[in-house]
Amino acid sequence: METAFIHTPLGTTKLEGDENGLSAITVLDTHEEPTDIIPMELEDAAYQLKEYFEGSRTQFDLVLNPSGTDFQKSVWKALQKIPHGKTVSYLDLSKTLGDVKAIRAVASANGKNPLWIVVPCHRVIGSDGSLTGYAGGLHRKKWLLEHENPVKQQSLF
């Protein structure tokens with residue numbers, strides 16, 4: 001398993017993966033020095049994340065290889081279908097997966113997503129439009145949603 005650290009506007013980000021694909025992207029609450037030479041297996045992920053934060057990338061094209069249960073993987077696959085700049089509720093996501101009653105299990109799988117940003121769990125909000133739960137912290141979720149918002153609020157002053 002290869003590991004690399006990159007800096008993003010939201011803090012140090014740890015990338016993990018191997019020849020089978022990217023297995024984890026994690027935002028850290030600690031500072032790590034960026035990796036001088038990104039391992040070949042992680043170069044594309046580092047580059048695409050850089051483009052995402054610059055605002056020039058809205059979709060990722062990476063081989064993913066997260067560890068999880070079949071149910072978790074089905075939730076993570078559904079998350080990838082949420083368009084850039086859009087949000088859905090946990091209830092909507094449960095309906096998409098075919099079981100409205102699975103809302104708690106869907107929320108749990110969403111919270112265990114190991115591929116921050118690339119599998120956009122930050123695009124899932126409460127049914128009332130509230131920002132609910134985010135493993136990276138609600139301040140990061142808010143930042144990501146604002147970053148992806150196609151309509152930028154301009155200052156009047």
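User: What joins β1 to β2, and through how many residues?

Analyst: In this predicted model, a hairpin joins β1 to β2 through two residues. Strand β1 covers residues 2-8 and strand β2 covers residues 11-18.

User: Why are β1 and β2 called paired strands?

Analyst: Two strands count as a pair if at least two bridges are found between them, and β1 and β2 run in the antiparallel sense over seven bridges, so the condition is met and the two strands pair. Among the residues that face each other, His7 stands opposite Thr12 in β2, and Phe5 stands opposite Lys14 in β2.

User: What makes β2 and β3 a pair as well?

Analyst: The count of bridges is again set against the threshold of at least two: β2 and β3 are antiparallel over six bridges, and therefore they also qualify as paired. These two strands form a hairpin too, with two residues between them, and Leu15 stands opposite Ile25 in β3.

User: Into which domains is the chain divided, and how far apart are their centres?

Analyst: The protein chain is divided into domain 1, residues 2-54, and domain 2, residues 70-148, and the C-alpha centres of domain 1 and domain 2 lie 21 Å apart.

User: How do you know that the two domains touch, and what is buried where they meet?

Analyst: Contact requires heavy atoms within 4.5 Å, and by that test 14 residues of domain 1 are in contact with 13 residues of domain 2, so the two domains do touch. The area buried between domain 1 and domain 2 is about 1,200 Å², and carbon and sulfur atoms give 69% of that area. In domain 1, the residues that lose the most area to domain 2 are Leu10, Ile25 and Tyr52, which together account for 54% of what that side buries.

User: Why is the pair Asp29 and Arg140 called a salt bridge?

Analyst: The rule asks for a side-chain nitrogen of Lys or Arg within 4 Å of a carboxyl oxygen of Asp or Glu; the closest N and O atoms of Asp29 and Arg140 are 3.0 Å apart, so the pair satisfies the rule. Across the interface of domain 1 and domain 2 the rule finds one salt bridge, while the structure holds five salt bridges. Asp29 lies in the loop between β3 and α1 and Arg140 lies in helix α5 (residues 138-148), so this pair ties together parts that are 111 residues apart in sequence.

User: How many polar contacts cross the interface, and which elements of domain 1 face domain 2?

Analyst: Seven residue pairs are in polar contact across the interface of domain 1 and domain 2, both residues being at pLDDT 80 or more. On the side of domain 1 that touches domain 2, the elements giving two or more residues are β3 (21-27) and α1 (40-54), and β3 gives the most, with five residues. By class, that side of domain 1 has ten nonpolar, three polar and one charged residues.

Terms used
Residues numbered from 1 in each chain as written. Predicted model: local features only at pLDDT ≥ 70, side-chain atom pairs only at ≥ 80, totals over all residues. Heavy atoms only, no water. Domains from an automatic or database assignment. Buried area = accessible area lost by both parts, 1.4 Å probe. Polar contact = N/O pair within 3.5 Å; in protein donor to acceptor, adjacent residues only side chain to side chain. Helix = DSSP H or I, 4+ residues; strand = E, 2+ residues; numbered from the N terminus. Nonpolar A, V, L, I, M, F, W, Y, C, P; charged D, E, K, R; others polar.
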